[in-house]
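Dear colleague,

I am passing on the structure below, and after it you will find an account of what turned up when I went through it. Please keep it open while you read, so that you can find each residue for yourself.

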Amino acid sequence: MNPRIVVLEGDGIGPEIIAGTVRVVEAALRQSNGAVDLVPKPIGLAALERHGHTVPAETRQAIDAADGILLGPVTSHVYDIFKPENANPSAYLRKTYDLYANVRPARSRQGVKSMSDKVDLVVMRENTEGFYADRNLMDGNGELRPNEDTVLSVRLVTRKASLRIARAGFELARARGGKKRVSLVHKANVLRRGDGLFLECCREVAQDYPEIAVDDFHIDAAAMHLILRPEHFDVIITTNMFGDILSDEAAGLVGGLGLAPGLNAGDRIAMAQAVHGSAPDIAGQGIANPSAEMLSAAMLLEWLGHRRNDAALRRAGTLIHAAVDKTIARGETLTPDLGGKASTDAFSAAVAGAIG
Ligand code: NAI
Ligand code: MG
């Protein structure tokens, strides 16, 4: 049976960039002789309107029977973690399917104005706990307000989650075969217990990877080093919020959010999802850059290819990466955020054309 990917458009620019991404995925699969069934399902605000739930039952059932998810950005701030039918689809899917590893690469590209041409790193961000109030075992009540003038934001760190994100990060450093370096990012000087446990787990896992060099940075210092010497970094393993922030910073270093892909991987299923949001300021204009979503889809195809030992799927992923790079380096068909005048559709056609 072909692997199945459930396609979820999302809000704002979601439908525009998902259309372009699907087009490019289909072109890559044709070229590589790979086979995947793409199954579109409702999600987000459109689903709430039509089905009374942001992640309707038919969508959940399709995902239960699928191998991957392609998710467009969602307008997170309008959702309500206290109302299940109005759940933030992104958080809901990460949590329900235990997508614990948020993998966010940043790489310098020819033809993109950026602060450094030497960036080639991946942020491996823990995705299921940390400071996120919807992910800390308190059923969405992770922020406590004992009185009108006081709030306690609770941060969860567990041995289980720390060990598995560390394992995912070291495996990635080994598979990349590049600088073979893992940098652990934390704030153990202040969050002694939480980040102390996180570091302890990472160092335990490091024992199994003697060929990987390990160093560590406080989050504030890491933020600076990322700008001063980004070429130092290969794989960064860190907790949820630090990873959220550092990955946007890394994206900024190499040309912005329009080019920043991400994969949310669990043990059974993975979800492709760009780092950027639903960009309400440009939604509906047909000018959004679909690159980040395309590159996320490429990561998903590669992930599926590795798990299923399917070289055609891995090749489809590689083809998408190369075609996005080529289209941008050529510089003829670029969306406005990259300095061009092309529409989302024209850019998508150019990428699909570069595959064939
Ligand atoms: P945003 O990432 O949507 O937009 C920030 C800026 O980058 C805007 O000027 C936007 O036009 C631009 N931008 C983003 N993606 C682009 C693309 N593909 N092509 C061209 N320009 C692009 O962040 P913002 O405005 O803070 O959040 C908007 C909504 O998205 C909020 O509801 C937020 O909570 C949500 N959000 C959702 C995420 C997700 O689904 N993964 C991630 C981040 C934010
Ligand atoms: Mg973010």
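The lining of the largest pocket divides by class into 17 nonpolar, three polar and 10 charged residues. Please bear in mind from here on that this is a predicted model. The volume of this largest pocket comes to about 940 Å³, and among the 30 residues that line it, Val103, Leu172, Leu263, Met299 and Glu302 are the closest to its centre. Several elements take part in the lining of the largest pocket, since at least two residues come from each of β4, β5, α5 (159-176), β11 (263-265) and α9 (291-307). Helix α5 gives the most, with seven residues.

The second largest pocket holds about 350 Å³ of space. Its lining consists of 19 residues, and those nearest the centre are Ser76, Ser90, Arg94, Arg104 and Val275. Two or more residues of this lining come from each of α4 (89-96) and α8, and the largest share, three residues, belongs to α4. By class, the lining of the second largest pocket has seven nonpolar, six polar and six charged residues.

Turning from pockets to cavities, a search of the whole structure finds five of them with a volume of 30 Å³ or more. The largest cavity has a volume of about 50 Å³, and the residues around it are Ile5, Thr21, Val22, Val25, Leu38, Leu70, Ala297, Leu300 and Leu301. Helices α1 and α9 are the elements that give two or more residues to this lining. In the lining of the largest cavity, eight residues are nonpolar and one is polar, while no charged residue is found there.

You may also want to trace the sheet, which is open and is formed by 10 strands in the order β2-β1-β3-β12-β11-β4-β5-β10-β8-β9, with mixed pairing. At its edges stand β2 (37-40) and β9 (213-218), each of which pairs on one side only. On average, neighbouring strands of this sheet are turned by 20° against each other, if direction is ignored. As you follow the strands, it may help to remember that in a regular strand the side chains alternate between the two faces of the sheet.

One pair within the sheet is worth following residue by residue: β8 (residues 181-186) and β9 pair in the parallel sense over six bridges, and the bridge partner of His186 is His218, in β9. Helix α7 (residues 219-228) lies across β5 (120-126), β8 and β9, and runs at about 110° to β9. Helix α8 (residues 240-253), in turn, lies across β4 (101-107), β5, β8 and β10 (235-238), and its direction makes an angle of about 155° with β5.

There is also a hairpin, which is formed by β6 and β7 with two residues between them. Its strands, β6 (residues 143-147) and β7 (residues 150-153), pair in the antiparallel sense over three bridges, and Glu143 stands opposite Ser153 in β7.

Finally, there is a pair of helices to look at. Two packed helices are described by the angle between their axes and the distance between the axes. Helix α1 (residues 14-32) packs with helix α11 (residues 344-355) at an angle of about 10°, and their axes are 9 Å apart. Angles under 35 degrees count as roughly parallel, and α1 and α11 are therefore roughly parallel to each other. Where they meet, α1 brings Glu16, Ile17, Gly20, Arg23, Val24, Ala27, Ala28 and Gln31, while α11 brings Thr344, Asp345, Ser348, Ala349, Val351, Ala352 and Ile355. By class, this contact of α1 with α11 has eight nonpolar, four polar and three charged residues.

With best wishes

Technical notes: Residues are numbered from 1 along each chain as its sequence is written. Chains are lettered from A and ligands numbered from 1 in the order in which they are written. This is a predicted model: local features need pLDDT of at least 70, side-chain atom pairs count only at pLDDT 80 or more; totals for chains, interfaces and linings use all residues. Side-chain values use heavy atoms; hydrogens and water are left out. Two strands pair if DSSP finds at least two bridges between them. Helices (H or I, at least four residues) and strands (E, at least two) are DSSP runs, numbered from the N terminus. Axes are lines fitted to C-alpha atoms, for helices over the stretch in contact, and angles run from 0 to 180 degrees between N-to-C directions. Contact means heavy atoms within 4.5 Å. On a 1 Å grid over the protein atoms alone, a cavity is a set of points where a 1.4 Å probe fits but cannot get out, and a pocket is an open set with protein on both sides within 12 Å along at least five of seven lines; lining residues have an atom within 4 Å of a point. Grid points are joined across faces, edges and corners, and a volume is the space filled by probe spheres set on the points. Ala, Val, Leu, Ile, Met, Phe, Trp, Tyr, Cys and Pro count as nonpolar, Asp, Glu, Lys and Arg as charged, and the others, Gly among them, as polar. Angles under 35 degrees count as roughly parallel, over 145 as roughly antiparallel, 65 to 115 as roughly perpendicular and the rest as oblique.
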